[in-house]
Amino acid sequence: MTATPTVLFICQHNAGRSQLGAALLGHLGGDRFTATSAGLSPADEVNAAVAATVAELGVDISGNVPRAVTTTDLDEADIVVLMKPGLALPSTPRGELLEWSFPNPEAWDADAVRPLREAVSEKIQSTILAR
């Protein structure tokens, strides 16, 4: 791994789970990691409920723009985290591949997203930050 490992979180639309993962790793890990996110078929905007729940932690992702994952992303990431197992990526990741399973919060409100935020936070702490 590089001096500051890059962790790429991927979900279908880069609007919910992957944005949540990247925001939480940035919040919890500080400058230990470079956190980024992408999706297979990007939505138009970040899920408002997800943005609201990370705003409660002092992290503003409301201006983030969902984007498509690229082969360059997969080549440059030291760790690739699929927030849903079995996603069809455009190429094979160079780095370590982790497959997590979190539900899609697409139609959820902030109250429903908070337990997801806590579950993703726990997984990041036990899997990535514990290294």
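## Exercises: a glycine and the sheet around it

Gly21 is buried, with a relative accessible area of 0%. Keep in mind as you work that this is a predicted model.

**Exercise 1.** Work out why Gly21 counts as buried, and find which residues it touches.

*Solution.*
- Start with the cut-off: buried means under 20% relative accessible area. Gly21 has 0%, so it counts as buried.
- Next, place Gly21 in the fold: it lies in helix H1.
- Now look for its contacts, skipping neighbours within four places in sequence. You should find Phe9, Met83, Val120 and Ile124.
- Pick Phe9 from that list. Phe9 and Gly21 are 12 residues apart along the chain, and their C-alpha atoms are separated by 6.2 Å.

**Exercise 2.** Find how strands S1 and S2 pair, and what unit they make with helix H1.

*Solution.*
- Locate the two strands: S1 covers residues 6-11 and S2 covers residues 34-39.
- Check their pairing, and you get the parallel sense over six bridges.
- Find Phe9 again, and look across to S2: Ser37 stands opposite.
- Add helix H1, residues 17-29, and you have a right-handed β-α-β unit made of S1, H1 and S2.

**Exercise 3.** Put the four strands of the sheet in order, and say which ones stand at the edges.

*Solution.*
- Walk across the open sheet, and the order reads S2-S1-S3-S4, with parallel pairing.
- Look at the two ends of that order. S2 and S4 (96-99) each have a single partner strand, so one side of each is left without a neighbour in the sheet.
- Check the twist too: from one strand to the next, it averages 20 degrees.
- Zoom in on S3 (residues 79-82) and S4, which run parallel and are joined by four bridges. Here, Ile79 has Glu96 in S4 as its bridge partner.

**Exercise 4.** Step back to the protein: how many helices and strands are there, and why can you call it as compact as a globular protein of its length?

*Solution.*
- Count the elements, and you get four helices and four strands.
- Read along the sequence, and the pattern is β-α-β-α-α-β-β-α.
- Compare two numbers: the radius of gyration is 13 Å, close to the 14 Å that the globule rule gives for 131 residues, so the protein is as compact as a globular protein of that length.
- Add the burial total: 44% of the 131 residues count as buried.
- Finish with contacts between residues at least 6 apart in sequence. Of these, 68% join residues at least 24 apart.

Terms used
Residues numbered from 1 in each chain as written. Predicted model: local features only at pLDDT ≥ 70, side-chain atom pairs only at ≥ 80, totals over all residues. Heavy atoms only, no water. Pairing = 2+ DSSP bridges. Right-handed = clockwise from strand over helix to strand, strands pointing away. Buried < 20%, exposed > 50% of the residue type's maximum accessible area, 1.4 Å probe, protein only. Contact = heavy atoms within 4.5 Å. Axes fitted to C-alpha atoms, helices over the stretch in contact; angles between N-to-C directions. Rg over C-alpha atoms; globule rule 2.2 N^0.38 Å.
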